[in-house]
Amino acid sequence: MNAPLLELRKLARHYRVRSGRGWFSPAQTLRAVSEVSLQVRSGQTVGLVGESGCGKSTTARLSLGLTSPTSGQVLFEGRPVPAQRNAHWKDLRQRMQMVYQDPLSALDRRLGVMAQVIEPLSIFRRGSPASRRERAARVLGEVGLSESLWQRYPHELSGGQRQRVVLARALVLKPSLLVCDEPISALDVSIQAQVINLLTQTQQQRRLGMLFISHDLKVVRQVCDEVAVMYLGRIVEQGTPEQLFTNPVHPYTEALISAIPTIQRGKVHRRILLKGDPPNPINIPGGCAFHPRCPIAKQACRETSPVLREAADGRRLACLYR
């Protein structure tokens, strides 16, 4: 098997925050991401799912070197991604690009579409001004934006058109890796399918590795080759879409999958409702972090934190009783 394009090794990111409102309130540690190990290969799409606030976006920023890890390591094409934004980091960033959740916030409202796509080429000094414009025009055509839109400003475009501009900006540098952080959540349902098809088509044509973060589990099942489920900064289950969506094993994964609506005739849909809210990441309970909400939790779950291990069917699982 080929070496990973992107590899996260026991990655952690902690923040020091004040627990009260005053300047003299004691500082505590917020564990946004803990011991995350993940691999993305060329041509592979790995999905990352979980509730809001579980650490998915922090993992995305760590993957690109936009946030420095507290511990652990990020490797891209077999080389460590430097914590310092030096010349080596800048070179790597050309081949690691991000597609953001809110396309309007991701774009410069003072620049037209063509100028937005040319800008990355200018920053990295790729080619002459004429070749940059030619390259940008070719990529804009590939993402389905007609020439009549190239001089418009972001506020003059629809949500789907803006997301296509964001994708064109990411692709114009010919990256090897795309990190997509909720790329369709800000779009109308009618436009989401178009953007997903465009991402899938682009990924297949260019053999891109893709880390795909989304709340929409149906989309994750459709586009991903592998799925990792995250809870409070840790991966609790990881496997193929067929494994996780057909036969989820971890109690948290079971609850997530049960929330997907079904319209199949004759199929009994049993929704699993978790009790309470996720614990405060500043005060994560001991043992298994999921045990306060877990329907099968026992005393050992309160005392021992499960290690992510490989199960008999090849999936990775962090549960003491599954």
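**Reading cavities, cores and cysteines**

Modeller: Let's start with a small space: the second largest cavity has a volume of about 40 Å³. This is a predicted model, where local features need pLDDT of at least 70 and side-chain atom pairs count only at pLDDT 80 or more, while totals for chains, interfaces and linings use all residues. Residues are numbered from 1 along each chain as its sequence is written, and side-chain values use heavy atoms, without hydrogens and water.

Colleague: How many cavities of 30 Å³ or more are there?

Modeller: A cavity is a set of points on a 1 Å grid where a 1.4 Å probe fits but cannot get out; its volume is the space filled by probe spheres on those points. Here the count comes to three cavities of 30 Å³ or more. The largest has a volume of about 80 Å³. It is lined by 14 residues, and closest to its centre are Cys-288, Cys-294, Cys-301, Cys-319 and Leu-320.

Colleague: Which residues line the second largest cavity?

Modeller: Lining residues have an atom within 4 Å of a point. For the second largest cavity they are Val-49, Leu-217, Val-227, Val-229, Leu-244, Phe-245, Thr-253, Leu-256 and Ile-257. Helix 10 (a DSSP run of H or I, at least four residues) gives the most to this lining, with three residues.

Colleague: And which residues touch the most other members of the largest nonpolar core?

Modeller: Such a core joins buried residues (under 20% relative accessible area, 1.4 Å probe) through side-chain atoms within 4.5 Å. In the largest, with 56 residues, Leu-140, Leu-167, Leu-178, Leu-199, Phe-212 and Phe-245 touch the most other members. Helix 6, residues 159-171, gives the most to this core, with six residues. Phe-245 also appears in the lining of the second largest cavity. A second, separate core has 30 residues, including Ala-32, Val-46, Leu-92 and Ile-235.

Colleague: How many disulfides does a search of the whole structure find?

Modeller: A disulfide is a covalent bond between the sulfur atoms of two cysteines; the test asks for sulfur atoms within 2.5 Å. The search of the whole structure finds zero.

Colleague: Why is Cys-54 too far for a bond?

Modeller: Because the closest cysteine sulfur, in Cys-224, is 14 Å from the sulfur of Cys-54. Cys-54 also counts as buried, at 4% relative accessibility. Cys-301, which we met at the largest cavity, is in no disulfide either: the nearest cysteine sulfur, that of Cys-288, is 6.0 Å away. At 9% relative accessibility, Cys-301 counts as buried.

Terms used
1 Å grid on protein atoms, 1.4 Å probe; cavity = no way out; pocket = protein on both sides within 12 Å on 5 of 7 lines; lining within 4 Å. Helix = DSSP H or I, 4+ residues; strand = E, 2+ residues; numbered from the N terminus. Buried < 20%, exposed > 50% of the residue type's maximum accessible area, 1.4 Å probe, protein only.
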